[in-house]
Amino acid sequence: MAVRDLHRDLRTSLATVTGRVLDVGCGSKPYLTWFKSVPPPSIVGIDIEPGPGVDVVIGEGQPWPFSVASFDMVLCTQVLEHASDVDFVLAEIHRVLAPGGQVVITVPFIYFEHGAPRDFRRFSRHETERLLPGSYDILRNDTQGGLGSTLCVLLLAWLRTMWDRRSPTRMLKIPLLPLWLVVTALLNGMAVAVDFLDRTSSFYSNVILVARKRGPDR
């Protein structure tokens, strides 16, 4: 449930992308195969730490080693909550994105602490509208998940965290894996049902923002 809606929306957004792509905070580039029209050499991954998918290691607050308007698309998914310099990151995205190019940003709203100690903030759908300057056209600013899936994510994360706190319970993880899978499936099923009933649009776990950078004639 934690990534179902995120993956669904990213698959849709990335499938039609063409040109040169910058993956900000790429990690292992988990979405590489979802770019149906972009060959892997045209997808450049940057991160603050080395990793299997990182092509360029960048320093916090340091200009990225790319020229102005050198990318046709920028992907920044589940990254900004970990950035200590959000304004700088957004400014660099704007600098390297070509006019007419798209940026896809996803951020959490209701989510458990993760990546500690580098977990600094959360974003509502109203805040994501304010992230980009007026030189963008917002194509999409949608919430992901509802009350059921949000509660399910938090509950499963809490159970996993409590389970991993002590050595005796950690040792039981493998023999109790079938039971864990059954419990997870039941909770996910209940979450889908509650999401269907939730019409508030206020208890979402994530937000996806898609925008196009305006050209000089705009």
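In strand β2, the bridge partner of V21 is I43. That pair is a way into the sheet, and I should say at once that this is a predicted model. Strands β1 and β2 pair in the parallel sense, over four bridges.

Stay with β2, residues 43-47, for a moment. On its other pairing, β2 runs parallel to β3 over two bridges. There the bridge partner of D47 is V57, in β3. Which way do the residues of β2 point? I43, G45 and D47 point one way, and V44 and I46 point the other way. In a regular strand, side chains alternate between the two faces of the sheet. In β2 both sets are buried, and five of its five residues count as such.

Now β1, residues 21-24, which is joined to β4, residues 71-77, by three bridges. Those two strands also run parallel. The bridge partner of L22 in β4 is V74.

Put together, seven strands form an open sheet, in the order β3-β2-β1-β4-β5-β7-β6. The pairing over the whole sheet is mixed. As a reminder, strands of a sheet pair through backbone hydrogen bonds, either parallel or antiparallel. Where does the sheet end? The edge strands are β3, residues 56-57, and β6, residues 136-144, and each of them pairs on one side only.

Next, what packs on the sheet. Helix α2, residues 86-96, lies across β1, β4, β5, β6 and β7. Its direction is at about 150° to β5.

That brings me to the nonpolar core. The largest one has 30 residues. Which residues have the most contacts inside it? They are L22, V24, W64, L80, I93, V103 and I105. The elements giving two or more residues to this core are β1, β2, β4, α2, β5 and β7. The largest share comes from helix α2, with five residues.

L22 is worth a look on your screens. Leaving out residues up to four places away in sequence, L22 touches V44 and I46, then W64 and F66, then F71, M73, V74 and L75, and also V96. V74 is in that list, and V74 is also the bridge partner of L22 in β4. There is a second, separate core of 15 residues, which includes L10, W34, V38 and V210.

Now the helices. Helix α4, residues 147-163, packs with helix α6 at an angle of about 155°, and their axes are 7 Å apart. Because of that angle, α4 is roughly antiparallel to α6. From α4, the contact uses L147, G148, S149, C152, L155, L156, L159 and R160. From α6, the residues in contact are W180, T184, L187, N188, A191, V194 and D195.

D195 takes us to the charged side chains. The model has twelve salt bridges. In one of them, the side chains of D195 and R4 meet at 4.0 Å, N to O. What does this pair link? It links distant parts of the chain: D195 sits in helix α6, residues 177-197, and R4 sits in helix α1, residues 4-14, so to speak 191 residues apart. D195 is buried, at 15% relative accessible area, while R4 is partly exposed at 37%.

Within helix α1 there is another one, D5 with R8, at 3.1 Å, N to O. D5 and R8 are three residues apart, about one turn of the helix. How covered are the two partners? D5 has 8% relative accessibility and counts as buried. R8 has 45% and is partly exposed.

These pairs belong to a network of salt bridges that links R4, D5, R8, D9, R140, D142 and D195.

One more pair is D119 and R122, whose side chains meet in a salt bridge at 2.6 Å, N to O. D119 is buried, with 16% relative accessibility. R122 is partly exposed, with 27%.

To recap, there is an open, mixed sheet of seven strands, with helix α2 lying across five of them, namely β1, β4, β5, β6 and β7. The largest nonpolar core has 30 residues, and the second has 15. Helices α1 and α6 are linked by the salt bridge between R4 and D195. I'll stop there.

Terms used: Residues are numbered from 1 along each chain as its sequence is written. This is a predicted model: local features need pLDDT of at least 70, side-chain atom pairs count only at pLDDT 80 or more; totals for chains, interfaces and linings use all residues. Side-chain values use heavy atoms; hydrogens and water are left out. Two strands pair if DSSP finds at least two bridges between them. Contact means heavy atoms within 4.5 Å. Axes are lines fitted to C-alpha atoms, for helices over the stretch in contact, and angles run from 0 to 180 degrees between N-to-C directions. A nonpolar core is a set of buried Ala, Val, Leu, Ile, Met, Phe, Trp, Tyr and Cys residues joined through side-chain atoms within 4.5 Å. Buried means under 20% relative accessible area, exposed over 50%, partly exposed in between (1.4 Å probe, protein chains only). Angles under 35 degrees count as roughly parallel, over 145 as roughly antiparallel, 65 to 115 as roughly perpendicular and the rest as oblique.
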